[in-house]
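Got the model open in your viewer? Let's walk through it one selection at a time.

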Amino acid sequence: MSTRILVIDDEPQIRKFMRISLTANGYEVIEAENAAQGIEAARSQQPDLLVLDLGLPDLDGQEVISAVRERSDVPIIVLSVRAHELDKVEALDRGANDYIVKPFGVAEMMARVRAVLRQRAAKGNNDIVAAGPVLIDLGRRIVTRNGDEVHLSKREWGLLAFLASQPDHVLTHKQILKEVWGPAHGEDTAYLRVYVNQLRQKLEADPAAPTLIVTDAGVGYRLRRGE
Amino acid sequence: MNDDRPSPDALLAVAQRESHGRLKIFLGAAPGVGKTYAMLQAAAERRREGVDIVAGVVETHGRRETEAQLGGLDVLPARQMEYRGKSFREMDLDAILARHPQLVLVDELAHTNVPGSRHLKRWQDVEEILAAGIDVFSTLNIQHLESLNDIVEQISGVKVRETLPDSVLSSADEIALIDLPPQELIKRLHEGKVYVPEQAKRAVGNFFSPGNLTALREMALRHAAERVDAQMVDYMRTHAIPGPWPTRERILVCIDERVEAAKLVRVAKRAADRRGAAWVVVTVETSTSHTLTEADKDRISEALRLAQQLGGETALLQGDDVVTTVLDYARERNATQIVVGRARPRRWRIGKSVTERLFAESGDFNVFVVGGQDDEKPVPSLRRPKIKEKPDWINLAFAALCVSGATGIGFLIDRWLPAASISVAFLLAVMVVAMRSGLRPAIVASVASFFAFNFFFTEPRWTFAVSDTKNILTLVFFLIAAVIVSNMASRLRAQILATRESARRTTNLYDFGRKVTAAVTLDDVLWAVVHHVATTIHGKSLVLLPDGAGLSIAAGYPPEDQLDDRSAAAADWTWTHGKLAGRGSTTLPTSLWLFLPLKTARGPFGVLGVQMSEDADMPSPEQMRLLETLADQAAVAIERTTLVADIETARVATERERLRSALLSSLSHDLRTPLVSIMGAASSLQNYDDMMDHANRHELTQTIQDEAERLNRFVQNLLDMTKLGAGALKPRADWADLNDIVGAAVERTGRLARDHTIKVDIDPGVLLLCVDPVLMEQVFFNLLDNACKYAPPGTVVKVWARRTPNYVTIEVIDQGPGIPPEASEKVFDMFYRVDHGDSKAAGTGLGLAICRGIVEAHGGTIKAEPGLNGAGAAIVIHLPQSHDIDGLAARISADAEPEGT
């Protein structure tokens, strides 16, 4: 049985090119042109992935995320325009798994789709996360780079472990701070910046041009495993 | 000259009259001739024609026939006014203006209103009614006419207090003469049909004598007749009926500070009226004029004001020789007659008086000399601030001290010098007294010195007797010299004082000019005005400016935020009429403030209010002149700021227009170019897909993608710019890693930078910045995009950042052609592009403008400088970093915990 992707967007042209390219990549596509149809299809058709446009005619896309999340943990990728960082953050905080900035190329969309699906497939079996030359053993709490063990402070480890728990997945500043520093530190992004920088110094080949711990400006960080 | 056309002046006067209401005056020679009755009859006539008539005020004095006439008319209730505990009934001006009928009946035009009314005089009320476009019927007795005032008094022995400027009567559109032969009138008086006020009962017998009535009747008839003449001439002028018009005579009246100035003016007015001549009242200011006393200055300005009221022209001439100045002016104005007062006997002056010289030098002019005393004293109306002179006893004590001093010196030098020489010491004393205290103490000092000299130093000493004839001569010469010296020295002193006063005035004006010129905004100007005026008059001042609903206080010194009702009414009146009103003026004098209009040639701008300090009700004439000048200057200054604002608005409009056209051309070019490529590539693929090999197909699809991305960048720029322009782009500053920001921008540049090497050199000390990461990423993206666009392929683009105590300096340096120095500011303007003579750089002209908008929204600066060693361009950004980085670092290191488990 092929993977089914539900596309919720009110623009027929966008649905069309997504259908064509997704089908060409072997996915089965279900289309919905508004929030009501989308929520209904998500419930009745049991898709494996949702691609959701935040700007829908009948209901705010954010509400769709919440509605879907009430009964399902199906991965959700949202489509959002640039400079609406708060929308993205809100969507991620409501439970979306990733976002794509409009306008976007097909290649980028495919990469995100694959990443999200792979993560879902790997669920439950991700004790060891590989990101380039770095291996993160979540069970034994060991990090190696090109085989050499890297020493991390407790906070650094907490941060890296949280990022590694959902690789290729954007984690918002708030989510990371709450998880690693505790609920009282939800706004202390300066801590986060400092520790991310320290981690990069220890793990990245070129800390000034990071490839493992990547910044999503205004949104958060993700651990990139590479394809 | 072509006289076939109507005279423009005459037509203008007619035009002005048309928007105005028409005034008809029922003129009588004496009370009781039936003016009111005639007015009511005429009104009844008009009412039958369907005219909307209201009786504003009609005094029937209980006469039955008159009351019957009033019967059918709409009578406005009078307004009750309280004054000194008594209740008065006055015409309700506001009710009339509100009711706005076509015609109003206003009896007794010369009536004086109760204090507390808007105007002092009823004729001023009528002028306001006329100005509102309402016709007025009114009544007037000839004796109330200002110019006839003194004649009436001479003839009848009754001083008429209620007077009316002649100009009111002459500006009336129509005059109806109500004539009754004297015998008839006397008969009516005996029948009790003539109303006589209580206080005049005593005089009534004298007043209503046949002789008086005949004289008054003659005056009224003559006035009406002159009026007909004038109307005839007017008519001929407006309708271009060829002459002969009488040539206009011009009478020149010379006045000075002497008491009969007012009389001279009246005489001239009558003479001018009889001859239908124009008349000008002049006074000559000489270099000694400022030594005149306040009372004298007042009398001159009083006479000039009277002349204006009577419809004459006034002129202030400057010149040292009175006679030549007057004669020059007379020639210049083509005067035919010169009227002067009788020369005062001048016993002490050698040479001819002004009048005598005028006679001698007048040549073609007829010179009339008016004699007699004018017993009319200026009304001591209001208190004036007292001039603080030192009291007499101090001056006299000073004189005594000086004389004693001179005596002392006399004893000291007595041993070596002859008595005559000692007199010099006394002369010195007299001079000192004259310089310091003025003429009178100096004369006293002279006499005292004379006696002291005689008593102490002439033989025989210690007596007033003089033995030697030589000494008698010495004494006499001493006295003469002392008096001359006192005279001269005191005059010098007066001049010094006057010069000082005038210097003060000039300095004051100069200061004011400097202050208001330095003020840029309207608020600054207003503040300078109120502050300066308040300190000048030692009182309070405020400026009112119009706002939507009416006048409101724009500035005050000391600050004031509310005006009482009466003052507000006076201010409004000044604003609408452009004339003085309030305390000390003739309009609304019960207001606490005096208001001066602030107007320039372009029209009124506002109102200046002044309030004197406790000890004075109104400004002295000197201060009044100064205030008027200040008001003029203030108005000009206010006008200047509004002009500046106008120019600014115009500049903004031009700029907006420039931007609009730039935007249009940019849109049509930058939107269309990528669209052309996309459409071309897409249609090629659609039509010739079969004929193309894989490489060509790929190239076309690549074109579509590149151009679409370019379009996307352009749209993004436009959106950002719109948000910046609308102020909607607010940075959401948060701690961010500069490396991250620059890294993201470099990544986004992607293919655009495929031909360039981007080197990032960020000092580790610049790790954390408090900025909006998304917006700053856009800044670096735009800068890198620009650098790659302009710098030749293969070159290096460098991003460099360092921290200084308060700033983070970030530079983006390329090795391109650089930015010409003259364009280094303009490149940040919207739609500006550096012209390189080719169309290679497909910029939008928005990139740098957006960068500047974002950086400035962060409180930073951005500028263009030459690159390294003067080659290429460097865009330098300074971002303030006042946040406590060190504190932050401390907190973070405190957070660090031992190495992981």
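Line up β9, β10 and β11 of chain B as your opening selection, and keep in mind throughout that this is a predicted model. Strand β10(B) and strand β11(B), which covers residues 313-318, run parallel and are joined by six bridges. On the β9 side, residues 250-254 of chain B pair with β10(B), again in the parallel sense, over five bridges.

Now zoom in on B:Val281. Which residue of β11(B) is its bridge partner? It's B:Thr314. B:Val281 is also the bridge partner of B:Val253.

While you're here, colour β10(B), residues 278-285, by burial. Six of its eight residues are buried, so the strand is largely enclosed by the rest of the structure.

Next, stay in chain B and select the stretches that UniProt lists as "transmembrane region" in an unreviewed entry: residues 393-413, 419-435, 442-460 and 472-490. Take two of them in turn:

- Residues 393-413 of chain B are 100% helix and 0% strand, with the end C-alpha atoms 30 Å apart.
- Residues 442-460 of chain B are 84% helix and 0% strand, and here the end C-alpha atoms lie 27 Å apart.

Before leaving, zoom out to the whole of chain B. You should find 26 helices and 25 strands. Of its 901 residues, 36% are buried. Among contacts with a separation of 6 or more in chain B, 69% are between residues 24 or more positions apart.

Hop over to chain A. This one has eight helices and 12 strands, and 39% of its 227 residues are buried. Residues 24 or more positions apart make up 56% of the chain A contacts with a separation of 6 or more.

Now pick out the open sheet in chain A. What is the strand order? Five strands run β2-β1-β3-β4-β5, with parallel pairing. The edges are β2 (28-32) and β5 of chain A, each pairing on one side only. Ignoring direction, neighbouring strands of this sheet are turned by 20° against each other on average.

For a close-up of the β2 edge, select β1(A), residues 4-8, along with β2(A): the two pair in the parallel sense over five bridges. Label A:Leu6 and look across to β2(A), where its bridge partner is A:Ile30. Then add α3(A), which packs on the sheet and touches β1, β3 (49-53) and β4 of chain A. The direction of α3(A) makes about 155° with that of β3(A).

Last stop: helix α4(A), residues 85-94. Show side chains for its buried residues, A:Glu85, A:Lys88, A:Val89, A:Ala91 and A:Leu92. Look down the axis of α4(A) and those buried residues fall within an arc of 160°, so they line one face of the helix. The spacing along a helix helps here: an α-helix has 3.6 residues a turn, so residues three or four places apart point the same way.

What do the buried residues of α4(A) pack against? In chain A, bring up α3 (61-69), β4 (76-81), β5 (98-102) and β10 (171-172). Then switch chain B back on, as α24 (773-790) of chain B is part of that packing too.

To finish, step off the end of the helix: α4(A) is followed by A:Gly95, which has a positive phi near 120°.

Notes: Residues are numbered from 1 along each chain as its sequence is written. Chains are lettered from A and ligands numbered from 1 in the order in which they are written. This is a predicted model: local features need pLDDT of at least 70, side-chain atom pairs count only at pLDDT 80 or more; totals for chains, interfaces and linings use all residues. A residue is buried if 20 or more other C-beta atoms lie within 10 Å of its own, exposed if 12 or fewer, and partly exposed in between; C-beta atoms are placed from the backbone. Helices (H or I, at least four residues) and strands (E, at least two) are DSSP runs, numbered from the N terminus. Two strands pair if DSSP finds at least two bridges between them. UniProt positions are given in the numbering used here, feature names are shortened, and annotations may be inferred rather than shown by experiment. The arc is that of the directions from the helix axis to the C-beta atoms. Two residues are in contact if their C-beta atoms, placed from the backbone, lie within 7 Å. Axes are lines fitted to C-alpha atoms, for helices over the stretch in contact, and angles run from 0 to 180 degrees between N-to-C directions.
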